[in-house]
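Biologist: Please give me a close look at the pocket side of this model, and then walk outwards into the packing around it. Keep the cut-offs in, since I like to know what each word stands for.

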Amino acid sequence: MDMFEKVDKLRERANVTYEEAKDALDRSNGDILDAMILLEREGKTRKEGNENYSTAFGSDRQNQAAHEAWENGKERVREGGRTFGEKIKELYNKSLVNYLVIERKGERIVKLPIFAMILILLFAWYAAIIAVVVSLFLDCRYTFIGEDDLKAANDVCDKAEDLASQVKDRFVEEFNKGKDEASQQ
């Protein structure tokens, strides 16, 4: 029996690839029985008929479980009778009827829909952050107005203004202190 016949016979009996069969035969000096034992020890042999490949939906317990999980997941999306898309549409509508107002010394500088603010933050976040920080030090006041209750957002804005005011006052105090020390010398 030539090498090809041995590889073919071993491949057929052990249900392995040609490469695995040839490698096992090479390591067992061409002995089919020793190669079969070697493949079994390495866990490479597969029993014929154990494989189950199916693209048919619900053909076995695993597919049925996946189908049930999918159906349960679809139900969870409909939280409170609204789908995810309906929630996004509601948020979009709210972002158009609520506004960010920026004032300085009682004079309104900008009244911007929340949607526009979100777009600015998405596409020019670096410039927006710098502008907010600088404007807080220039005594600008941020408030949210609109149809919804925006008290929590306005409380955050008030805290940011207080913090900026404290930092600015501290900076001015330190600057004046250093200036006075320099003039005394």
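Modeller: Let's start with the walls: β1, β2 (107-113), α6, α7 (125-137), β3 and α8 each supply at least two residues of the lining of the largest pocket. The helices are DSSP runs of H or I with at least four residues, the strands are runs of E with at least two, and both are numbered from the N terminus. Bear in mind that this is a predicted model: local features need pLDDT of at least 70 and side-chain atom pairs count only at pLDDT 80 or more, while totals for chains, interfaces and linings use all residues. Residues are numbered from 1 along each chain as its sequence is written, and side-chain values use heavy atoms, with hydrogens and water left out.

The lining comes to 21 residues, and L100, I102, A128, V132 and Y142 lie nearest the centre of the pocket. Helix α7 has the largest share, with six residues. The volume is about 490 Å³, taken as the space filled by probe spheres set on grid points that are joined across faces, edges and corners. A pocket here is an open set of points on a 1 Å grid over the protein atoms alone, where a 1.4 Å probe fits and protein lies on both sides within 12 Å along at least five of seven lines; a lining residue has an atom within 4 Å of a point.

Now for the packing. L100, I102 and Y142 turn up again in the largest nonpolar core, which has 11 residues in all; the others are I114, M117, L136, C140, F144, L150, C157 and A164. Two or more of these residues come from each of β1 (98-104), α6 (114-123), β3 (140-146) and α8, and β3 gives the most, with three. A nonpolar core is a set of buried Ala, Val, Leu, Ile, Met, Phe, Trp, Tyr and Cys residues joined through side-chain atoms within 4.5 Å. Buried means under 20% relative accessible area, exposed means over 50%, and partly exposed sits in between (1.4 Å probe, protein chains only). That fits a familiar habit: in soluble globular proteins, nonpolar side chains tend to be buried together.

Two members of that core show how α8 meets β3. Leaving out residues up to four places away in sequence, C157 touches Y142 and F144, where contact means heavy atoms within 4.5 Å.

The odd one in this neighbourhood is E161, which is found in helix α8 (residues 151-184). Its relative accessible area is 14%, so E161 counts as buried. Setting aside neighbours within four places in sequence, E161 is in contact with L136, C140, R141 and Y142. With R141 there is also a polar contact of 2.7 Å between the side chains; that term covers a pair of N or O atoms within 3.5 Å, and within protein one must be able to donate a hydrogen and the other to accept it, with residues adjacent in sequence counting only if both atoms are side-chain atoms.

To put the pocket in its setting, the chain has eight helices and three strands, running α-α-α-α-α-β-β-α-α-β-α from the N terminus on. Of its 185 residues, 17% count as buried.
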